[in-house]
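I opened a fresh page for this one and wrote things down as I looked them up. Have the viewer beside you and follow along.

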Amino acid sequence: MSTAKKEYKKVTTKSLVEMKKHGEKISMLTAYDYTMAKIVDGAGIDVILVGDSASNVMAGHETTLPITLDQMIYHASSVIRAVDRALVVVDLPFGSYQSDPKEALRSAIRIMKESGGHAVKLEGGKEIKESIKRILNAGIPVMGHLGLTPQSIYKFGTYTVRAKEEEEAKKLISDAKMLEKLGCFALVLEKIPANLAQKVAESISIPVIGIGAGNGVDGQVLVLHDMIGMTHEFNPRFLRRYMNLYEDMTNAISQYVSDVKDISFPNESEQY
Ligand code: KIV
């Protein structure tokens, strides 16, 4: 394993596989709009995920289930307009791929055609094998997602750590190998024990990107609004907050309100 870091002018699915080979960790964050995506891309992120977490973060829904394909396309096309370097992966939302492989392909094609996204992400293993195959056969890169898959929250009942029991861990390993064999270019593992995630990363050649899956994997992903502290009610152990924007923005907005009320804004130099 070489530690030499190659510069990527544009990150592709191939670059990610190369990064894994060279032992370079992959950085991934979500973004759902132009302005945020411009900052995230400019800061040097490798992968931007237009996650269906937009359902929670942007629309205020309790789960990721309500967001529609049209809404995902809207978010993804806003992100694409901002991005020069990062690979942009777009979530196929709940209900757009589970019923049959033809519908899955139609949804993936709409994302690629109408948003300009570079790849799609689907949640699940063997249950959605035929859909993944069909999408890959059409030349659309697919990122897998195993472990805690939020679109199945009503089946799980809770957002706690997945695959702690041997049977579920075994299925996860076999699903990961299947996704690699089908031709997925990468895999997200969400909220599973770190030693299991490391075992998966070591047993497949495609990059494994973790969220709440420890540091033995090939890269990390977080929800942008959580890592910059714009959200403040969601506090899982795996989340590192790099800023406290909730507090900073609240202070700034309160200051603005008070400046308007006491007529200290605008001042002489802020008017014509
Ligand atoms: O939708 C999302 O933000 C995701 C990440 C949590 C991986 O799928």
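My entries below go from the ligand to the cores, then to one aspartate and a few backbone details.

**Entry 1: the ligand site**

I reminded myself before starting that this model is predicted. I began by asking which residues are around the ligand. My list reads T30, L49, G51, D52, S53, D91, K121, H145, V188, E190, I211 and V223. Sorting this shell by class, I got four nonpolar, four polar and four charged residues.

Next I went through polar side-chain atoms facing ligand oxygens. For S53 I noted 2.5 Å between a polar side-chain atom and an oxygen atom of the ligand. For D52 the corresponding entry is 3.0 Å, again from a polar side-chain atom to a ligand oxygen. K121 has a side-chain N or O atom 2.9 Å from an oxygen atom of the ligand. I then looked up the cover: on its own the ligand has 260 Å² of accessible area, and the protein covers 95% of that.

**Entry 2: the cores**

I turned to the nonpolar interior. The largest nonpolar core holds 63 residues, and the members touching the most others are I48, V120, L122, I135, L187, L189 and V200. Which helix gives the most to this core? I found helix α8, residues 166-182, with six residues. As background, I jotted down that nonpolar side chains tend to be buried together in soluble globular proteins.

I picked L189 for a closer look. Setting aside neighbours within four places in sequence, I listed its contacts as L146, L172, A197, V200, V208, I209, G210, I211 and A213. One of these, I211, is also among the residues around the ligand. Apart from the largest core I found another, of 18 residues, including L16, L49, L87 and I209. L49 also appears in my list around the ligand.

**Entry 3: D46**

I wanted to know where D46 is found. It sits in the loop between α2 (34-42) and β2 (47-50). Is D46 buried or exposed? Its relative accessible area is 6%, under the 20% cut-off, so I entered D46 as buried.

Then I checked what this aspartate's side chain meets. One polar atom of the D46 side chain lies 3.0 Å from the backbone nitrogen of S27. The side chains of D46 and R85 are joined by a polar contact of 3.3 Å. Beyond four places in sequence, I counted V11, M19, K25, I26, S27, R85, A86 and L87 as residues that D46 touches.

**Entry 4: backbone details**

I looked for positive phi outside glycine. A163 has a phi of about 60 degrees, and its place is in the loop between α7 (153-156) and α8. At 4% relative accessibility, I logged A163 as buried. I263 also has a positive phi, near 60 degrees, but at 69% relative accessibility I263 counts as exposed.

I263 is found in the segment after α11, and I stayed there for a while. D262 has its place in that segment and is partly exposed, with a relative accessible area of 48%. I noted a polar contact of 2.8 Å between the side chains of D262 and S264. The C-alpha atoms of D262 and M249 are 20 Å apart, with these positions 13 residues apart along the chain.

My last lookup was the peptide bond from F265 to P266, which is cis with omega near -5 degrees. P266 lies in the segment after α11 (245-261).

Note on methods: Residues are numbered from 1 along each chain as its sequence is written. This is a predicted model: local features need pLDDT of at least 70, side-chain atom pairs count only at pLDDT 80 or more; totals for chains, interfaces and linings use all residues. Side-chain values use heavy atoms; hydrogens and water are left out. A residue is near a molecule or strand if one of its heavy atoms lies within 4 Å of it. A polar contact is a pair of N or O atoms within 3.5 Å; within protein, one must be able to donate a hydrogen and the other to accept it, and residues adjacent in sequence count only if both atoms are side-chain atoms. Accessible areas come from the Shrake-Rupley method with a 1.4 Å probe; for residues, only the protein chains shown count as cover. Ala, Val, Leu, Ile, Met, Phe, Trp, Tyr, Cys and Pro count as nonpolar, Asp, Glu, Lys and Arg as charged, and the others, Gly among them, as polar. A nonpolar core is a set of buried Ala, Val, Leu, Ile, Met, Phe, Trp, Tyr and Cys residues joined through side-chain atoms within 4.5 Å. Buried means under 20% relative accessible area, exposed over 50%, partly exposed in between (1.4 Å probe, protein chains only). Helices (H or I, at least four residues) and strands (E, at least two) are DSSP runs, numbered from the N terminus. Contact means heavy atoms within 4.5 Å.
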